[in-house]
Amino acid sequence: MSKIIMTGGGTAGHVTPNIALMPALKEAGYEISYIGSYNGIEKELIEKEGIDYYGISSGKLRRYFDVKNFTDPARVLKGYKEARRVLKKEQPDVIFSKGGYVTVPVVFAAKNMNIPVIIHESDLTPGLANKLAIPKATYVCHNFPETAEHLPEGKSRLTGCPIRQELFEGDREAGLKFLGYDGSKPILMIIGGSTGAQAINECVRASLDKLTATFDIVHLCGKGKLDDSYSDNPSYKQYEYVSDELNDVFACADMVISRAGANAICELLALKKPHLLIPLSASASRGDQILNANSFKKQGFSEVLEEEDMTSDTLVSNVVNVYSNRENYISKMNESPMSDPIATIVELIQEVSR
């Protein structure tokens with residue numbers, strides 16, 4: 001049996017694609033172990049999957065001044081030594097890295113030990129951790145055609161993002177029953193990211209009269225962001241988050257409003273859901289969501305509304321436009337070359353395995 005060590009952490013977006021790959025890797029004959037940080041979100045998520053987990057020291061990599069910049073290099077060095085010990089013990093045939101600060105010492109240790117590495121970059125431009133790791137990799141898988149311009153020649157592989165198989169197994173009728181809707185109006189789903197998006201929440205609620213004239217709405221508004229003053233509106237159902245029923249809710253959604261995190265929009269692409277993207281503003285991020293969203297718009301998958309331009313009027317007009325032209329967006333998404341990311345990535349892993 002071949003062995004693979006997967007790594008990635010810091011956010012759920014650095015872990016869930018790895019989890020999505022695991023069933024296909026097991027089917028292909030791989031024994032899987034995982035390296036993450038001592039107590040990051042990845043530890044809980046991976047241990048739930050019954051996968052052997054190794055925690056290592058991880059220092060954050062910053063582009064700005066912080067006193068921790070003087071101590072974190074020692075943490076990275078410690079992580080490198082710990083990663084070497086794990087690799088020496090496990091003797092993997094290949095490393096698959098999803099990104100995040102914890103992956104840098106793992107990738108460097110693998111390169112030093114002549115273990116092939118495949119990296120997956122979700123965003124259009126590589127983050128700092130992957131920028132450091134890419135020179136050590138055999139291939140870099142990515143979600144956007146434009147990412148190839150930022151990668152060394154010969155390493156680029158446009159694969160798309162691995163999507164959890166259960167997302168495709170939702171039941172529309174079960175979703176409608178959970179929401180308490182009869183299906184007589186199209187369902188508009190609103191997702192603000194794992195913590196919600198207050199600016200989107202406020203604009204949606206200010207637009208409810210116009211939106212509910214056409215749609216029944218399910219709004220995943222984030223922890224602590226419910227507003228009970230709207231609880232008597234029969235066409236507006238709000239939840240902090242939805243877990244077990246999420247697949248069914250996706251199945252009954254006719255259109256989605258979403259942030260533009262790479263994993264989120266790749267799920268919308270895979271599910272062929274017409275959508276309006278409202279990326280996190282450049283002032284609140286490194287601007288990766290804006291690049292992601294504009295790439296999807298360029299490919300004909302999405303419409304984009306910048307947060308700075310978002311008002312009740314612009315939100316409603318964009319929603320109406322996307323829904324009215326939904327067949328055009330679905331057609332473009334059906335033409336996407338990223339039809340089976342999991343199979344493509346597993347083939348690359350098999351190709352480079354020792």
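This section describes the two sheets, a helix between them in sequence, and the aromatic pairs of a predicted model.

In this predicted model, local features require a pLDDT of at least 70 and side-chain atom pairs count only at pLDDT 80 or more, whereas totals for chains, interfaces and linings use all residues. Residues are numbered from 1 along each chain as its sequence is written, and side-chain values use heavy atoms, with hydrogens and water left out. Helices (H or I, at least four residues) and strands (E, at least two) are DSSP runs numbered from the N terminus.

An open sheet of seven strands has the order β3-β2-β1-β4-β5-β6-β7, with parallel pairing; two strands are taken to pair if DSSP finds at least two bridges between them. Its edges are formed by β3 (52-56) and β7 (156-158), each of which has a single partner strand, so one side of each lacks a neighbour in the sheet. From one strand to the next, the twist averages 25 degrees. Strands β1 (residues 2-7) and β4 (residues 94-97) are joined in the parallel sense by four bridges, and Met6 stands opposite Phe96 in β4. Helix α1 (residues 16-27) packs on this sheet, where it touches β1, β2 (30-37) and β4, and its direction makes about 160 degrees with that of β2. Helix α4 (residues 103-112) lies across β1, β2, β3, β4 and β5 (117-121) and runs at about 155 degrees to β4. For these angles, axes are lines fitted to C-alpha atoms, for helices over the stretch in contact (heavy atoms within 4.5 Å), and values run from 0 to 180 degrees between N-to-C directions.

Four parallel bridges also connect β5 and β6, with Tyr139 in β6 as the bridge partner of Ile118. Strand β6 (residues 139-142) is covered on both faces: Tyr139 and Cys141 on one side, and Val140 and His142 on the other, are all buried. Buried denotes under 20% relative accessible area, exposed over 50%, and partly exposed the range in between (1.4 Å probe, protein chains only).

Helix α6 (residues 172-179) contains the buried residues Gly175, Leu176 and Leu179. These residues lie on the same side of α6 because they cover an arc of only 100 degrees around the axis, the arc being that of the directions from the helix axis to the C-beta atoms. The buried residues of α6 pack against β8 (187-191), β9 (216-220), β10 (236-239) and α9 (246-252), while the face turned away from the buried side carries the exposed residues Glu173 and Lys177. Just after α6, Gly180 adopts a positive phi of about 80 degrees.

A second open sheet comprises six strands in the order β10-β9-β8-β11-β12-β13, paired in parallel. Here β10 and β13 (303-304) stand at the edges with a single partner strand each, so one side of each is left without a neighbour in the sheet. Strand β12 (residues 275-277) runs parallel to β13 and is joined to β13 by two bridges; Glu303 in β13 is the bridge partner of Leu276. Helix α12 lies across β8, β11 (255-258), β12 and β13, at about 140 degrees to β11.

Six aromatic pairs were counted, rings of Phe, Tyr and Trp (its six-membered ring) being paired if their centres lie within 6.5 Å, with planes under 30 degrees apart classed as stacked, over 60 as edge-to-face and the rest as tilted. Phe215 and Tyr323 form an edge-to-face pair, at 5.3 Å centre to centre and 75 degrees between the planes. This pair links distant parts of the chain, 108 residues apart: Phe215 lies in the loop between α8 (208-211) and β9, and Tyr323 in helix α12 (residues 312-324). Phe215 is buried at a relative accessible area of 3%, and Tyr323 counts as buried at 18%. Phe144, Phe296 and Phe301 form one aromatic cluster.
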